[in-house]
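This report describes a protein chain from its general build down to individual residues. The sequence and structure are shown first, and the description follows.

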Amino acid sequence: MDFTLFLPATTLAAVLNGALLVAMTLSIALHRRHSQISIGDGGDKHFAKRQRGHANGAEQIPIALILLALAEVQGASTSLLWVVVTCLTVGRYFHAVQFFVKGAPFILRPVGVVLTLFAQAAAMVWLAVNIVY
């Protein structure tokens, strides 16, 4: 008996969002090395903003991936899964651009937040309804 789970939507979301977190981590690590900042932000407000953007991704992405995986395992429609993956990933990239690219339009941040929360809410609602029915 084969118990291997194949979760293509969750896997793609994990790869794309994991790559984003790695890129943000590398950016922060390189800035630390260049600026010789071992702990904290060294009083650099722009660096503090980048750190917070990374932390936000580290807070939001794991719960979204858990919700997505649960929905995928429990049989959510392919359409719903890909909507969640797309909204989550586009939302996280938009959010990150506003934190890491100087001069990026501010609108990317709230749009990123809305897309991320929509992705999480869509998966949560589907899971809640699936439990009840």
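Helices in this report are DSSP runs of H or I with at least four residues, numbered from the N terminus. By this definition, Val15 is found in helix α1. The model discussed here is predicted.

## Overall build

The secondary structure of the protein chain consists of four helices and zero strands. Followed along the sequence, the pattern reads α-α-α-α. The C-alpha trace spans about 55 × 35 × 20 Å along its principal axes.

The protein chain has 133 residues, of which 37% count as buried. Its accessible surface comes to about 7900 Å², and carbon and sulfur atoms account for 70% of that area. Among contacts between residues at least 6 apart in sequence, 67% join residues at least 24 apart.

## A nonpolar patch on the surface

Which residues form a nonpolar patch on the surface? The patch is made up of Leu12, Val15, Leu16, Trp82 and Tyr93, which together have about 410 Å² of accessible area. Two elements, α1 (8-35) and α3 (78-100), each give two or more residues to this patch. The largest share, three residues, comes from α1.

Val15 illustrates the α1 contribution, as this residue is found in that helix and belongs to the patch. Is Val15 buried or exposed? Its relative accessibility is 54%, and the limit for exposed is over 50%, so Val15 counts as exposed.

## Buried residues of helix α2

Helix α2 covers residues 45-73 and includes Asn56. Ala64 is also found in helix α2, and Ala69 lies there as well. The table gives the relative accessible area of each of these residues, together with contacts that leave aside neighbours within four places in sequence.

| Residue | Relative accessible area | Contacts |
|---|---|---|
| Asn56 | 17% | Arg92 and His95 |
| Ala64 | 4% | Leu88 and Gln120 |
| Ala69 | 19% | Leu7 and Thr10 |

Buried means under 20% relative accessible area. Asn56, at 17%, is therefore buried. Ala64, at 4%, is buried too, and Ala69 is buried at 19%.

Separation along the chain and separation in space can be set side by side for these residues. Ala64 and Gln120 are 56 residues apart along the chain, and their C-alpha atoms are separated by 5.5 Å. Gln120 is also one of the residues that Ala64 touches. For Asn56 and Arg33, the sequence separation is 23 residues and the C-alpha to C-alpha distance is 22 Å. Ala69 and Phe94 lie 25 residues apart along the chain, with 23 Å between their C-alpha atoms.

## Charged side chains and aromatic rings

Side chains of opposite charge can pair when their charged atoms come close. How many salt bridges does a search of the whole structure find? The search finds one. In this salt bridge the side chains of Arg52 and Glu59 meet, with a distance of 2.9 Å from N to O.

Partly exposed residues fall between the limits of 20% for buried and 50% for exposed. Arg52 has a relative accessibility of 40% and so counts as partly exposed. Its partner Glu59, with a relative accessible area of 42%, is likewise partly exposed.

A further arrangement involves a lysine and a ring. Lys49 lies over the face of Phe99, at 6.0 Å from the ring centre. As for rings with rings, the structure holds zero aromatic pairs.

## The loop between α1 and α2

Gln36 lies in the loop between α1 and α2. Most residues other than glycine have a negative phi. Gln36 is not a glycine, yet has a positive phi of about 55°. Where does Gln36 stand in terms of accessibility, buried or exposed? With a relative accessible area of 73%, above the 50% limit, Gln36 is exposed.

## Summary

The predicted model shows four helices and zero strands. Leu12, Val15, Leu16, Trp82 and Tyr93 form a nonpolar patch on its surface. Within helix α2, the buried residue Ala64 is in contact with Leu88 and Gln120. The one salt bridge found in the whole structure joins the side chains of Arg52 and Glu59. In the loop between α1 and α2, Gln36 has a positive phi of about 55°.

Methods: Residues are numbered from 1 along each chain as its sequence is written. This is a predicted model: local features need pLDDT of at least 70, side-chain atom pairs count only at pLDDT 80 or more; totals for chains, interfaces and linings use all residues. Side-chain values use heavy atoms; hydrogens and water are left out. Patches are made of residues with over 30% relative accessible area and no salt bridge: like charges are joined within 9 Å, nonpolar side chains (Val, Leu, Ile, Met, Phe, Trp, Tyr) within 5 Å. Accessible areas come from the Shrake-Rupley method with a 1.4 Å probe; for residues, only the protein chains shown count as cover. A salt bridge is a side-chain nitrogen of Lys or Arg within 4 Å of a carboxyl oxygen of Asp or Glu. Buried means under 20% relative accessible area, exposed over 50%, partly exposed in between (1.4 Å probe, protein chains only). Rings of Phe, Tyr and Trp (its six-membered ring) pair if their centres lie within 6.5 Å; planes under 30 degrees apart count as stacked, over 60 as edge-to-face and the rest as tilted. A charge sits over a ring if NZ of Lys or CZ of Arg is within 6 Å of the ring centre and within 35 degrees of the ring normal. Contact means heavy atoms within 4.5 Å.
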